[in-house]
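Colleague: Before I rely on the descriptive terms used for this structure, I should like to hear the reasoning behind them. Could we take them one at a time?

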Amino acid sequence: MRKSDEEFFEFVKQFVICLRHIWLVIVVMFLSLFLTAVFISFVEAMPPGRAIYFTFITALAVCYGDVTPATVTGKITSVFVGFVGMVLFGIIVGISTRAVLVIMHSSELEDSEN
């Protein structure tokens with residue numbers, strides 16, 4: 001196996017190890033996004049699939065603009081979705097960064113031993 005393949009599998013392993021510590025937080029945040037999508041579906045009178053699409057596009061901060069809230073309640077809820085999305089995907093980026101640092105640190109230790 002090539003070194004890059006080994007590093008990739010080590011990254012995935014470290015990512016999963018970190019994820020196991022906070023899986024409940026991530027599940028709760030995804031659940032809150034789905035519940036918010038249901039709420040937006042009722043408030044904005046849009047189909048559930050479109051509301052889920054809108055919620056996750058807003059949470060990812062992509063915001064295409066093809067679906068926008070019309071009511072004040074929908075707009076306020078969209079701000080909440082944006083904050084939840086920032087925190088959720090910030091956590092995922094943080095876990096990824098930690099996994100990379102663990103791999104880099106172990107590579108440095110191996111290089112210093114040789």
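The exchange below sets computed values against the cut-offs that give the terms their meaning.

Modeller: Please bear in mind throughout that this is a predicted model.

Colleague: How do you know that the span of helix α2 agrees with its number of residues?

Modeller: Helix α2 covers residues 48–59, which is 12 residues. The expected span is 1.5 Å times one less than the number of residues, and for α2 this gives 16 Å. The C-alpha atoms at its ends are 16 Å apart, so the two values agree.

Colleague: Which residues of α2 are buried?

Modeller: They are Ala51, Phe54, Thr55, Phe56, Ile57, Thr58 and Ala59.

Colleague: Why is threonine 55 called buried?

Modeller: The term requires under 20% relative accessible area. Threonine 55 has 0% relative accessibility, and therefore it counts as buried. This residue belongs to helix α2.

Colleague: What makes the pair formed by threonine 55 and alanine 51 a polar contact?

Modeller: A polar atom of the threonine 55 side chain lies 2.8 Å from the backbone oxygen of alanine 51. The cut-off for such a pair is 3.5 Å, so the distance satisfies it.

Colleague: Which residues does threonine 55 contact beyond its neighbours within four places in sequence?

Modeller: Those contacts are Leu33, Thr36, Ala37, Ile40 and Val81.

Colleague: Why is threonine 77 described as buried or exposed?

Modeller: Threonine 77, a residue of helix α3, has a relative accessible area of 10%. That value is under the 20% limit, so threonine 77 is buried. With neighbours within four places in sequence set aside, threonine 77 is in contact with Thr36, Phe39 and Ile40.

Colleague: What places isoleucine 103 in its accessibility class?

Modeller: Isoleucine 103 also has a relative accessible area of 10%, and because the limit is under 20%, the residue is buried. Isoleucine 103 is found in helix α3. Its C-alpha atom is separated by 6.7 Å from that of phenylalanine 11, although their positions lie 92 residues apart along the chain as the sequence separation is counted. Not counting residues up to four places away in sequence, isoleucine 103 touches Glu7, Glu10 and Phe11.

Colleague: Why does valine 12 count as partly exposed?

Modeller: Valine 12 has 33% relative accessibility, which falls between the limits of 20% and 50%, so the residue is partly exposed. Valine 12 lies in helix α1, residues 3–43. Valine 12 and alanine 99 are 87 residues apart in sequence, yet 7.8 Å apart in space, C-alpha to C-alpha.

Colleague: Which residues form a nonpolar patch on the surface?

Modeller: The patch consists of Phe8, Phe9, Val12 and Val16, and together these have about 370 Å² of accessible area. Patch members need over 30% relative accessible area, and the 33% of valine 12 therefore meets that requirement.

Colleague: What makes alanine 45 exposed?

Modeller: Its relative accessibility is 71%, and because the cut-off is over 50%, alanine 45 counts as exposed. Alanine 45 lies in the loop between α1 and α2, and its phi is positive, about 55°, although the residue is not a glycine.

Colleague: Why is cysteine 63 called partly exposed?

Modeller: The relative accessible area of cysteine 63 is 48%, which lies between 20% and 50%, so the residue is partly exposed. Cysteine 63 is located in the loop between α2 and α3. Its phi is near 50°, a positive value in a residue other than glycine. Alanine 61, which follows α2, has a positive phi near 65°.

Conventions. Residues numbered from 1 in each chain as written. Predicted model: local features only at pLDDT ≥ 70, side-chain atom pairs only at ≥ 80, totals over all residues. Heavy atoms only, no water. Helix = DSSP H or I, 4+ residues; strand = E, 2+ residues; numbered from the N terminus. Buried < 20%, exposed > 50% of the residue type's maximum accessible area, 1.4 Å probe, protein only. Polar contact = N/O pair within 3.5 Å; in protein donor to acceptor, adjacent residues only side chain to side chain. Contact = heavy atoms within 4.5 Å. Patch = residues over 30% accessible without salt bridge, like charges linked within 9 Å, V, L, I, M, F, W, Y side chains within 5 Å. Areas by Shrake-Rupley, 256 points an atom, 1.4 Å probe, with all protein chains shown as cover. Salt bridge = Lys/Arg side-chain N within 4 Å of Asp/Glu carboxyl O.
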